[in-house]
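Biologist: I would like to learn how to read the features of a model, one at a time. Could we begin with a single residue?

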Amino acid sequence: MAKIAPSVLAADFTALGKDIAEVEAAGAEYLHLDVMDGVFVPNISVGVPVVSAIRKVTDMVLDVHLMIIKPVRYVEDFIQAGADIVVFHVEADELQNIQAAIDKVKGLGKRVGLSLKPKTSAAVLRPYIAQLDMVLVMTVEPGFGGQKFMVDQLDKIREIRAMIEVQNPACELEVDGGIDPTTAPLAVEAGANVLVAGSAVFGVKDRRAAVLALRG
Ligand code: DX5
Ligand code: ZN
């Protein structure tokens with residue numbers, strides 16, 4: 001069964017502790033935290049202090065999605081803040097620096113993932129896939145919640161699932177963007193096993209029902 005990763009971007013920032021406690025009680029496996037720098041994506045969200053604050057109020061697995069340029073500069077700070085899984089974008093730096101960021105996360109004993117924007121093809125994963133704990137396929141252009149799921153990403157999800165099965169079966173395949181009870185089954189059928197959902201969880205009053213609906 002797919003794991004559910006509610007995205008805090010859609011939570012009530014004046015009542016974060018309460019919102020997080022609700023999705024934890026609802027049985028969501030991961031808590032997804034979106035970090036944006038206003039350069040890699042045209043939006044700014046939250047940073048290290050918010051991750052540390054959240055770490056103090058939950059035992060959930062913190063899945064930190066860095067939408068920032070040159071992530072190698074900050075991965076250690078986010079791990080010190082309490083990240084369990086650090087995911088950054090393959091488009092965010094040159095190959096050797098992406099490799100350095102992967103090495104840094106693994107050296108600090110945490111899980112590492114690479115994320116792909118919609119226009120990036122699965123082939124970019126070739127040098128990395130055997131080393132990863134997670135691949136995150138964006139099913140919207142990163143930067144904002146509440147966008148429409150891009151069905152044209154399903155073939156890429158299938159292709160990456162096939163690569164994972166051959167090269168690194170323990171690697172998780174996460175999808176992010178426009179996931180709701182209608183699109184979740186499409187992503188799972190294509191091979192995703194972790195579903196990020198912002199609006200579909202925090203935009204709904206009954207968070208338990210929302211998590212259940214995503215599991216299908
Ligand atoms: C967007 C973020 C997503 C966002 C998803 O760039 O990476 O995690 O919160 O929001 P929904 O589920 O509303 O599409
Ligand atoms: Zn995200």
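Modeller: Choose one and ask.

Biologist: What is the relative accessible area of K70?

Modeller: This is a predicted model, in which local features need pLDDT of at least 70 and side-chain atom pairs count only at pLDDT 80 or more, while totals for chains, interfaces and linings use all residues. Residues are numbered from 1 along each chain as its sequence is written, chains are lettered from A and ligands numbered from 1 in the order in which they are written, and side-chain values use heavy atoms, with hydrogens and water left out. K70 has a relative accessible area of 36%, which makes it partly exposed (buried is under 20%, exposed over 50%, partly exposed in between, with a 1.4 Å probe and protein chains only). K70 sits in the loop between β3 and α3 (75–81) (strands are DSSP runs of E, at least two residues, and helices runs of H or I, at least four, numbered from the N terminus).

Biologist: What is the phi of K70?

Modeller: Most residues other than glycine have a negative phi. K70 has a phi near 50°, a positive value in a residue that is not glycine.

Biologist: Which class of exposure do other loop residues fall in, for instance D59?

Modeller: D59 is exposed, at 73% relative accessible area, and belongs to the loop between α2 and β3. D59 is 29 residues from Y30 in sequence, with 9.7 Å between their C-alpha atoms. G38, in the loop between β2 and α2 (48–57), counts as partly exposed at 38% relative accessibility. G38 and I69 are 31 residues apart in sequence, and their C-alpha atoms are 9.5 Å apart. S7 lies in the loop between β1 (3–6) and α1 (16–25), yet S7 is buried, with a relative accessible area of 5%.

Biologist: Now the metal. Which residues coordinate the zinc ion (ligand 2)?

Modeller: H32 through NE2, D34 through OD, H65 through ND1 and D176 through OD coordinate the zinc ion (ligand 2), at 2.0 to 2.3 Å. Donors are N, O and S atoms within 2.8 Å of the metal, or 3.2 Å for Na, K and Ca; water is not among the atoms, so sites may look incomplete. Along the chain, the donors follow the spacing H-x1-D-x30-H-x110-D. H32 belongs to strand β2 (residues 30–36) and H65 to strand β3 (residues 61–67), so the pair ties together parts that are 33 residues apart in sequence. Both H32 and H65 are buried.

Biologist: Why is the arrangement around the zinc ion (ligand 2) called octahedral?

Modeller: Because the 6 donor atoms subtend angles of 70 to 168° (six count as octahedral if opposite donors are over 155 degrees apart and all others between 65 and 115; four count as square planar by that rule, or as tetrahedral if all angles lie between 85 and 135 degrees; anything else is irregular).

Biologist: How do I read the strands? How many bridges join strand β4 (residues 85–89) to β5?

Modeller: Strand β4 and β5 are joined by 5 bridges and run parallel (two strands pair if DSSP finds at least two bridges between them). I85 has R111 in β5 as its bridge partner. Of the 6 residues of strand β5 (residues 111–116), 5 are buried, so β5 is largely enclosed by the rest of the structure. β5 pairs with β6 in the parallel sense over 4 bridges, where L136 of β6 is the bridge partner of S115. β6 in turn runs parallel to strand β7 (residues 172–176), with 5 bridges; there V137 has V175 as its partner.

Biologist: Which residues cover the two faces of β6?

Modeller: In a regular strand the side chains alternate between the two faces of the sheet. In β6, M134, L136 and M138 on one side and V135 and V137 on the other are all buried.

Biologist: Last, empty space. What volume does the largest pocket have?

Modeller: Rolling a probe the size of a water molecule over the atoms shows where empty space is left. The largest pocket holds about 330 Å³. It is lined by 25 residues, of which G145, G146, G177, G178 and G198 are the closest to its centre. On a 1 Å grid over the protein atoms alone, a pocket is an open set of points with protein on both sides within 12 Å along at least five of seven lines, a cavity is a set where a 1.4 Å probe fits but cannot get out, and lining residues have an atom within 4 Å of a point. Points are joined across faces, edges and corners, and a volume is the space filled by probe spheres set on them. β2, β3, β8 (194–197) and α7 (199–202) each supply at least two lining residues of this pocket.

Biologist: Which residues line the largest cavity?

Modeller: V8, L9, F13, L33, D34 and V46 line the largest cavity, whose volume is about 30 Å³.
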